Amino acid sequence: MKKKLLFIIGRIKAGRLQEMWRQTLWIYQYAKHYWLVMVFYTLLGMVSTVIALLTSLVSRDLVDIITGHEAGEVFRTFAMMILLNVVTTFLNQISGYASSYLSMKVDAEIKSDIFSKILITDWESLTNYHTGDLLTRWGSDASNISSGVLNFVPNAIIYSFRFISAFAMVIYYDASFAIFAFLGMPVSLILSKTLLNRMVNNNERSAKMGAKMSGFNQEAFSNIQTIKAFDLIRLYVERLKQLQKEYISMRLDFQKMSMGTSLLLSTVGLAVSYASYGWGIYRVWSGGISYGTMTMFLGLSGTLTGTLHNLTSLIPGAISLTTSAGRLMDIIEMPQEDYSRADETDAFSRAHETDGIGLFVNSVDYAYKTGTDVFRHASLEARPHEVVALVGPSGEGKTTMIRLILSLVRPQDGGVFLHDGSRLPQDADADIIPLTPAARRLFSYVPQGNTMFSGTIAENMRNVKTDASDEEIIDALKAACAWDFIKKLPDGIHSEIKERGGGFSEGQAQRLSIARALLRRSPILLLDEATSALDVATERAVLHNIMQDEYPRTCIVTTHRPSVLLVCSRVYAIRGKQCVVLGREEIDQMARGE
């Protein structure tokens with residue numbers, strides 16, 4: 001027997017209950033900050049229970065007074081009942097306010113914390129999740145936890161206190177009625193066990209389905225132009241209908257189970273109520289209790305049955321809560337970026353504000369998680385006042401190199417370093433530090449796609465430099481060859497940009513992105529195919545302005561355009577998984593398209 005018991009305990013520890021306990025502790029780290037509110041809410045619930053029991057007693061007395069024609073006590077007792085009901089209403093309002101306050105505060109804290117942790121989660125790990133799935137976890141799952149926090153300890157205490165106090169009252173006045181209070185318990189317990197497993201499966205299916213639909217909608221709305229261009233409207237409408245059909249089918253399956261459970265519980269509840277009513281009639285008829293006491297017992301019987309149902313309903317609620325916690329924990333328990341060297345990076349930046357900061361990629365090896373090699377012993381160097389180009393066929397690693405430089409991905413061997421601009425990285429007295437995620441504050445980055453946010457041009461610019469003056473913004477726009485079309489707009493730099501850069505051509509949006517990067521005045525500027533939508537003359541003008549700027553900026557450009565290469569200080573080509581420096585003759589041949 002002992003071995004069997006230990007085996008069962010071991011299975012529990014290694015199984016679902018242990019995971020639920022771990023998820024509960026995770027929820028507690030947020031809820032504990034509001035323990036005073038939770039205690040206040042719990043006390044309000046217990047006080048409301050006491051007043052409800054007092055109301056039952058007063059109601060009993062009122063019925064007995066009326067049936068006994070004791071006119072002198074009617075008004076006093078009736079006034080007492082009104083007072084108790086008013087107090088109950090008042091307490092319910094306060095309790096509702098406390099519940100809403102707690103729910104909103106926990107919701108805000110969880111979402112804020114999860115949002116910040118998602119942003120510092122290892123980028124490569126995060127790409128395993130669809131954006132729609134992340135939004136569902138951050139939104140729906142966090143809200144589910146915040147709204148369900150009160151379904152844990154506070155309500156468990158309130159319901160338990162309500163059940164025990166009501167049961168004690170029944171025992172005190174007539175123990176025989178206690179039998180009827182427990183008639184429905186076996187059915188409720190059996191159903192709760194069945195409901196537990198079904199609820200776990202349903203919550204997991206519901207969460208996955210919700211994420212799937214959210215991802216579909218997010219992608220569809222983000223790519224409306226493509227859907228229209230390829231005349232895919234009918235296809236996407238049909239796909240949405242299919243997803244909705246799957247979702248409805250899933251919900252109906254659970255609804256059928258819930259309906260059957262509710263019908264059975266209701267039938268048991270009615271049977272218990274009518275049995276209590278019949279027993280009450282018999283006790284009144286035999287003179288064992290008064291009519292008022294019978295009505296009180298019937299009310300208490302309903303309280304006991306309802307409270308027991310509430311207690312058992314906490315189980316599926318807890319399952320839903322811990323399922324949401326588990327989905328959020330999946331995200332925040334992924335590897336996170338290391339910002340521990342931020343102070344060192346800031347000190348390095350201040351020390352070399354005048355001479356600038358160079359970049360040195362030293363013998364880097366990198367392979368995707370699939371095992372595909374991208375780089376083997378690849379090296380690259382860029383110094384202040386230089387525009388260094390990185391060329392190569394599509395898919396050979398240009399964007400991957402940018403990601404390595406930005407610390408979005410980590411090399412398996414070798415490293416990326418920052419060095420003082422007045423020396424070469426190979427010099428013995430060169431000041432060198434390894435590049436970490438904290439060093440991104442020293443970078444300005446312009447990718448190929450449209451990266452403008454909705455809002456005004458000035459607001460977009462000030463995203464990277466909050467204290468920038470209008471004059472500074474205009475100077476950056478001029479350097480990016482964007483001021484010529486901005487100054488013609490009625491509102492100038494205060495003109496609105498729609499979502500995803502709407503209202504501007506791709507070339508205009510690229511120039512705005514470059515202007516924003518220049519405004520930041522970061523020591524290192526990365527342009528990843530960032531001039532692809534510009535004509536050759538504008539592209540050369542932008543790069544010329546960057547090179548002529550007195551600010552000691554290091555610029556690295558990835559490009560497919562041979563014409564760009566003629567204005568670059570140095571050109572690297574990705575060949576054989578390495579970065580090879582090209583000679584002037586080869587650069588001239590590439591520029592001529594040979």
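Which residues form a nonpolar patch on the surface? They are Trp35, Leu36, Val39 and Leu43, and together they offer about 420 Å² of accessible area. Keep in mind that you're looking at a predicted model. Beyond that patch, here's a quick tour of a strand and its partners, some ring contacts, and the salt bridges.

**The surface patch**
- Trp35, one of the patch residues, has its place in helix α3, which covers residues 35–67.

**Strand β1 and its neighbours**
- Strand β1 runs over residues 357–367, and nine of its eleven residues are buried, so the rest of the structure largely encloses it.
- One of its partners is strand β2 (residues 373–382), which pairs with β1 in the antiparallel sense over six bridges.
- To find that pairing on screen, look for Val361, whose bridge partner in β2 is Leu380.
- The hairpin of β1 and β2 has five residues between the strands, and there Gly371 takes a positive phi near 100°.
- β1 also pairs with strand β4 (residues 413–420), again in the antiparallel sense, over seven bridges.
- Here you can look for Phe360, which has Phe417 as its bridge partner in β4.
- As a bit of background, side chains in a regular strand alternate between the two faces of the sheet.

**Rings and what sits over them**
- The structure holds five aromatic pairs.
- One of them is Phe216 with Tyr236, a stacked pair at 5.7 Å centre to centre, with 25° between the planes.
- This pair links distant parts of the chain: Phe216 belongs to helix α9 (residues 185–222) and Tyr236 to helix α11 (residues 233–285), 20 residues apart.
- Phe216 has a relative accessible area of 15%, so it counts as buried, the cut-off being under 20%.
- Tyr236, at 24% relative accessibility, counts as partly exposed.
- Tyr236 has another visitor too: the charged end of Arg239 sits over its ring, 5.2 Å from the centre.
- Elsewhere, Lys111 lies over the face of Trp138, at 5.6 Å from the ring centre.

**Salt bridges**
- A search of the whole structure turns up 20 salt bridges.
- The general idea is simple: side chains of opposite charge can pair when their charged atoms come close.
- Asp133 and Arg327 meet through their side chains in one such bridge, at 3.4 Å from N to O.
- Asp133 lies in helix α6 (residues 131–148) and Arg327 in helix α12, so this pair ties together parts that are 194 residues apart in sequence.
- Both Asp133 and Arg327 are buried.
- They also belong to a network of salt bridges that links Asp133, Arg137, Asp141, Arg327 and Asp330.

**The loop between α12 and α13**
- Glu333 has its place in the loop between α12 (291–332) and α13 (342–351), and at 47% relative accessibility it is partly exposed.
- Glu333 and Thr121 are 212 residues apart in sequence, yet their C-alpha atoms are 8.7 Å apart in space.
- Glu337 forms a salt bridge with Arg440, at 2.6 Å from N to O.
- That pair links distant parts of the chain, 103 residues apart: Glu337 is in the loop between α12 and α13, while Arg440 is in the loop between β5 (432–434) and β6 (443–446).
- Glu337 is buried, with a relative accessible area of 10%.
- Arg341 has a salt bridge with Glu344, and their closest N and O atoms are 2.7 Å apart.
- Arg341 is partly exposed at 32% relative accessible area, and Glu344 is partly exposed at 33%.

Conventions
Residues are numbered from 1 along each chain as its sequence is written. This is a predicted model: local features need pLDDT of at least 70, side-chain atom pairs count only at pLDDT 80 or more; totals for chains, interfaces and linings use all residues. Side-chain values use heavy atoms; hydrogens and water are left out. Patches are made of residues with over 30% relative accessible area and no salt bridge: like charges are joined within 9 Å, nonpolar side chains (Val, Leu, Ile, Met, Phe, Trp, Tyr) within 5 Å. Accessible areas come from the Shrake-Rupley method with a 1.4 Å probe; for residues, only the protein chains shown count as cover. A salt bridge is a side-chain nitrogen of Lys or Arg within 4 Å of a carboxyl oxygen of Asp or Glu. Helices (H or I, at least four residues) and strands (E, at least two) are DSSP runs, numbered from the N terminus. Buried means under 20% relative accessible area, exposed over 50%, partly exposed in between (1.4 Å probe, protein chains only). Two strands pair if DSSP finds at least two bridges between them. Rings of Phe, Tyr and Trp (its six-membered ring) pair if their centres lie within 6.5 Å; planes under 30 degrees apart count as stacked, over 60 as edge-to-face and the rest as tilted. A charge sits over a ring if NZ of Lys or CZ of Arg is within 6 Å of the ring centre and within 35 degrees of the ring normal.
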